[in-house]
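Work through the exercises below with the sequence and the structure in view. Try each task before reading its solution.

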Amino acid sequence: MARLRCGTHELAIETGRWTPNVPDARKCFRCHEIDEDEKHVVCDCPVYAELRVAAHEQLRNTCRLAPTASLSFYHLVAPQIVMDKELAKLARPIGLQFVRAVLARRAALLKESSG
Ligand SMILES: [Zn+2]
């Protein structure tokens, strides 16, 4: 998660910086038209939709949030920004688990598509 937060991760938005001659190098491998940045992966990319839904549900249950509470990028990646200290402490491992699951799925799909 620290890697995701400080941007030194393996997402295309970062790795694409080093291949400036490849116009699509920074795009999501599935969504093509969209840059693969942290926000896309955590909030929007359909590849991780059910991981996201499960993490949000776990977050709502664990932190006793209203079922209709809207959850942002920060709830999963930097909960201390949007939640009080005690809730953020409960939320952090859920976000960490989500990010790990996302990166594992991404790595598996990339491996699948390259081999
Ligand atoms: Zn995508």
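**Exercise 1.** State how many helices and strands the protein has, and give the pattern along the sequence.

Solution. This is a predicted model. Counting the elements gives 6 helices and 0 strands. Read from start to end, the pattern is therefore written without any strand, as α-α-α-α-α-α. The C-alpha atoms fill a box of roughly 45 × 25 × 20 Å along the principal axes. Of the 115 residues, 21% are buried.

**Exercise 2.** Check whether the length of α4 agrees with the span expected of a helix.

Solution. Start with the number of residues in α4, which is 14. At 1.5 Å a residue, α4 should span 20 Å. Next, take the C-alpha atoms at the two ends of α4, which are 20 Å apart, so the two values agree. Just after α4, R64 has a positive phi of about 50°.

**Exercise 3.** Find the buried residues of α4, and decide how they are placed around its axis.

Solution. The buried residues in α4 are R52, A55 and L59. They cover an arc of only 65° around the axis, so they lie on the same side of α4. The face turned away from this buried side carries the exposed residues A49, E50, V53 and N61. The cover over the buried residues of α4 includes α5 and α6.

**Exercise 4.** Describe how α4 packs against α6, and list the residues in contact.

Solution. Two packed helices are described by the angle between their axes and the distance between the axes. For α4 and α6 the angle is about 170°, and the axes are 10 Å apart. Angles over 145 degrees count as roughly antiparallel, so α4 is roughly antiparallel to α6. From α4, the contact uses L51, A55, Q58, L59 and T62. From α6, it uses L90, A91, I94, F98, A101, V102 and R105.

**Exercise 5.** Describe the largest nonpolar core, and say which element gives the most to it.

Solution. In soluble globular proteins, nonpolar side chains tend to be buried together. Here the largest nonpolar core has 17 residues. Those with the most contacts inside this core are V41, A55, L59, L76, I94, F98 and V102. Two or more residues each come from α3 (38-44), α4 (49-62), α5 (73-77) and α6 (85-114). The element that gives the most is α6, with 5 residues. Finally, follow L59: leaving out residues up to four places away in sequence, L59 touches L65, L71, H75, A91 and I94.

Key
Residues numbered from 1 in each chain as written. Predicted model: local features only at pLDDT ≥ 70, side-chain atom pairs only at ≥ 80, totals over all residues. Core = buried A, V, L, I, M, F, W, Y, C linked by C-beta atoms within 7 Å. Buried ≥ 20, exposed ≤ 12 C-beta atoms within 10 Å, placed from the backbone. Helix = DSSP H or I, 4+ residues; strand = E, 2+ residues; numbered from the N terminus. Contact = placed C-beta atoms within 7 Å. Expected span 1.5 Å × (residues − 1). Arc of directions from axis to C-beta. Axes fitted to C-alpha atoms, helices over the stretch in contact; angles between N-to-C directions. Parallel < 35°, antiparallel > 145°, perpendicular 65-115°, else oblique.
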